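This report concerns the packing of the protein interior. Please consult the sequence and the model shown below.

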Amino acid sequence: MRMKRKKNLDERINAASDYLITMKNESLNFNDALNERHLINFEELFGNDNPVILEVGSGKGQFGCTFAKLNPDKNILCVEKNRNVLILAIDSARKMGLKNIRFLCGMAEYLPSYIEKGSVEEIYLNFSCPFPKSKHIAHRLTNPRFLEIFKRILKPDGVICQKTDNSHFFEYSIEQFSACGFKLSNISLDLHNSNFEGNIVTEYENKFASQGFPIYRLEARL
């Protein structure tokens, strides 16, 4: 069910410039991203030179805000295209008084326009839409076109962490990561019944786990 548009959404978004960057000139052709340069200066954005973490598809911000609170020595940039849920994430960050989190509103195709090559330590893909239909396969965030974008913006020793409840999407992701030159580790087919420590539970994760679905997780490195 689609979420009802938030009251005064435009005004609230416009008043969130201390936390929010909005992408410009999106054509949905990710090749254009290399020609349009709106690169973010992370030191200016966060006021420090701490490592930068990226979450793609941040939703209501439960993961991003929790990560920022638990890791004051790191900065996290959360990417979300849906302004209706993005404003909830910004509200949460503001209520928590977080200084090391910012939000980028727009499509993942355009990340190379905004994020410098080799500047991100970690990328989190938490419960991305699996786009189960074959005709939508190019929209999956572990499709090679996105993996090439992530390879570009990751530092040489960077890591991608993926979590999902969808076994078919997870299998697909494993195949694509491997085909694109990533080495996989810490693969879990049932995260909540594993020995993994430090997991930050997202809103979707709460929902799926409470219904008895296993949570799949992996780490991918170049």
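The following paragraphs describe the nonpolar cores, one helix and one buried residue.

This is a predicted model, in which local features need pLDDT of at least 70 and side-chain atom pairs count only at pLDDT 80 or more, while totals for chains, interfaces and linings use all residues. Residues are numbered from 1 along each chain as its sequence is written, and side-chain values use heavy atoms, with hydrogens and water left out.

A nonpolar core is a set of buried Ala, Val, Leu, Ile, Met, Phe, Trp, Tyr and Cys residues joined through side-chain atoms within 4.5 Å; buried means under 20% relative accessible area, with a 1.4 Å probe and protein chains only. The two cores are set out here.

| Core | Residues in core | Members include |
|---|---|---|
| Largest nonpolar core | 35 residues | L54, V56, L111, I115, I123, F150 and I160 |
| Second, separate core | 25 residues | L9, I90, A93 and C105 |

Helix α6 (residues 144-153) supplies five residues, the largest share of the largest core; helices are DSSP runs of H or I with at least four residues, and strands are runs of E with at least two. Beyond its neighbours within four places in sequence, I123 is in contact (heavy atoms within 4.5 Å) with L54, V56, F150, I153, L154, V159, I160 and C161.

In helix α3 (residues 62-70), the buried residues include F63, G64, C65, F67 and A68. The buried residues of α3 pack against β2, β3, α4, β4, β5 and α8.

Residue I87 lies in helix α4 and counts as buried because its relative accessibility is 1%. Outside its neighbours within four places in sequence, I87 is in contact with K6, L9, R12 and I13.

Technical notes. Buried means under 20% relative accessible area, exposed over 50%, partly exposed in between (1.4 Å probe, protein chains only).
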